2 protein chains.
Amino acid sequence: MSDAGWRPVRRTRTFEEVLAQIEERIEADGLAPGDRLPGERRLAEQLQVSRASVREAMRVLETLGVVSSTVGRGPDAGAVLTARPGSALTDLLRLHLRLSSLSMRDIIDTRLMVERWSAEHAARHPDRHGAELAAMERALERMERPGLPPEEFVEDDTAFHLAIVQASGNRLLTAVMQALRDSVRRYAVEAIVRLGDTAILRRDHRRIFEAIKAGDTAEAGRAVADHLVHAYPELFGGSPSSSAPHGACPLDEEPGR
Amino acid sequence: MSDAGWRPVRRTRTFEEVLAQIEERIEADGLAPGDRLPGERRLAEQLQVSRASVREAMRVLETLGVVSSTVGRGPDAGAVLTARPGSALTDLLRLHLRLSSLSMRDIIDTRLMVERWSAEHAARHPDRHGAELAAMERALERMERPGLPPEEFVEDDTAFHLAIVQASGNRLLTAVMQALRDSVRRYAVEAIVRLGDTAILRRDHRRIFEAIKAGDTAEAGRAVADHLVHAYPELFGGSPSSSAPHGACPLDEEPGR
DNA sequence: CTGTGGGGTATGGTCTGACCATATTGTGGT
DNA sequence: ACCACAATATGGTCAGACCATACCCCACAG
């Protein structure tokens, strides 16, 4: 018999089976956010497993952002399908960051690409994005408040940039960017403090906003790019890719600019 | 006293405390992928909690892709820091898909943006990406095998496109795209079957590969865009954004082209 | 010397049954 | 009508046991 071509038998732990069946039920019964799952004891009985196994499955579902558990009695207690599937992504990205598998350069490059793309999209049909434009303007005004602490500035800055992505209508990108901003909030505050003055950033924001509102796609893209360079000058210093082994010269480019 | 402004005290479950302490230890001790965590019994004893609580924490860490548990004895058994933090992202995205909060259009738009950007990056310095180019060529050859079942074609196709993103050097994008491809594998197979013939796709792949190798950034970007249109014609049909309420006309664009 | 078989043991996986804290619901008394 | 209190259902936690697995090591046979 051949020695290769074998693979170890897939050991299926019971909590994984429980997990799968719960997911199936959610899908089959068409459960929506806010709906309740059966209690742990009941699930354990029906699946004929121990409550501990059910609990491990619930922990996974909770980590994945599918359910949220509350104690007590009543129609809203127990495991409830949650409506905020994004926070799981946040936890993931935050962990990746802590375990230093990602660099700041990667994150800013990604932001540049996504937000530029989104801004161009938004600028193509500014009339369709009244809500997002309003959100952007609100954030703009909040950022003008004198004596604003860095933490709050970052908050409004996040709202502004998220509105851009939201205007693209792409929910995948919106979810990822939301999680990304949440994950790096601390670093963003540090960057603002290091920068000292937010005047340039606020001017950039206005420029982006006006470009989108005016439907000037090219200008909107350029404005986003310039803005990120101003916000993270240390990443775009004259030295060509000082710490980046390959790739990442995200500005000297854009084919046909 | 004011009635508002209060929020319920944050009940900290013990497994969350365990989780936090484990994360701290990983960071403080500088543990790297491959290193072992103490056994569940030992952790429970040192933290003075029950083994069940430790297990729930481990389940979360496993879901987050931080550790991977194996039974048995020996230096490689137990909870080991995993080197593949991507699988957690895969689970998340797959779940989001099942709960239908994401549309195929969003995914393809994202692919288009990311892979175009990556291809342009790679084409800018083709000499630095020998490894990725080799991987792409290998995938190209595998896809030429006659009588290839759709599943295997998708496998090689994924390898090809992933190599493009890898060549960008951006680990965040690489992780996200890897997870995305894994999440939609089933749909990709269906798309291939629906298409019937892969000749056009294979020709597109060659075109992308040659453009990157030749350092033709503009052509590389165009080739990627054309390829995705060929692969998902139903999304880019002549009807202007038939099912997309706003945004997403990802081709009639590229500012200053 | 080799190697081969088997026992010892540490690991995660699972189960049972209990108790606690919390929050709603029902009920009885005022 | 209102309020106090018991009943109850929920998740959270614990202790202790047993199982299957996989490695380690040593005695024993070749």
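# Reading a predicted protein–DNA model

Chain A contains eleven helices and two strands, where helices (H or I, at least four residues) and strands (E, at least two) are DSSP runs numbered from the N terminus.

User: What kind of model is this, and how are its parts labelled?

Analyst: This is a predicted model, in which local features need pLDDT of at least 70, side-chain atom pairs count only at pLDDT 80 or more, and totals for chains, interfaces and linings use all residues. Residues are numbered from 1 along each chain as its sequence is written, chains are lettered from A and ligands numbered from 1 in the order in which they are written, and side-chain values use heavy atoms, with hydrogens and water left out.

User: In what order do the elements of chain A run from the N terminus?

Analyst: The order is α-α-α-β-β-α-α-α-α-α-α-α-α.

User: How should I read burial, and what percentage of chain A counts as buried?

Analyst: A residue is buried under 20% relative accessible area, exposed over 50% and partly exposed in between (1.4 Å probe, protein chains only). Of the 257 residues in chain A, 48% are buried.

User: Which residues are the closest to DNA strand C?

Analyst: A residue is near a strand if one of its heavy atoms lies within 4 Å of it. DNA strand C is surrounded by 26 residues, the closest being A:Arg13, A:Thr14, A:Arg73, B:Arg41 and B:Arg51. Of the strand C atoms that come within 4 Å of the protein, 62% are sugar and phosphate.

User: Which polar contacts to strand C should I inspect?

Analyst: A polar contact is a pair of N or O atoms within 3.5 Å; within protein, one must be able to donate a hydrogen and the other to accept it, and residues adjacent in sequence count only if both atoms are side-chain atoms. A backbone N or O atom of A:Thr14 is 2.3 Å from a phosphate oxygen of DNA strand C, and a polar side-chain atom of A:Ser53 is 2.8 Å from a phosphate oxygen of that strand. For B:Arg51, a polar side-chain atom lies 2.8 Å from a base nitrogen of DNA strand C.

User: Which element gives the most to the surface near DNA strand C, and how many residues of each class are there?

Analyst: H3(B) gives the most, with three residues. For the classes, Ala, Val, Leu, Ile, Met, Phe, Trp, Tyr, Cys and Pro count as nonpolar, Asp, Glu, Lys and Arg as charged, and the others, Gly among them, as polar. The surface near strand C has five nonpolar, nine polar and twelve charged residues.

User: What is found around DNA strand D?

Analyst: Around DNA strand D there are 26 residues, and the closest are A:Arg41, A:Arg51, B:Thr14, B:Ser53 and B:Arg73. A backbone N or O atom of B:Thr14 is 2.4 Å from a phosphate oxygen of DNA strand D, while a polar backbone atom of A:Gly72 is 3.0 Å from a sugar or linking oxygen of the strand. H3(A) gives the most to this surface, with three residues, and the classes are five nonpolar, ten polar and eleven charged.

User: How can the length of helix H3(A) be checked, and is the helix mostly covered or uncovered?

Analyst: The expected span of a helix is 1.5 Å times one less than its number of residues. The 13 residues of H3(A) should therefore span 18 Å, which agrees with the 18 Å between its end C-alpha atoms. H3(A) is mostly covered, with ten of its 13 residues buried, including A:Ser53, A:Val54 and A:Leu61. After H3(A) comes A:Gly65, with a positive phi near 80°.
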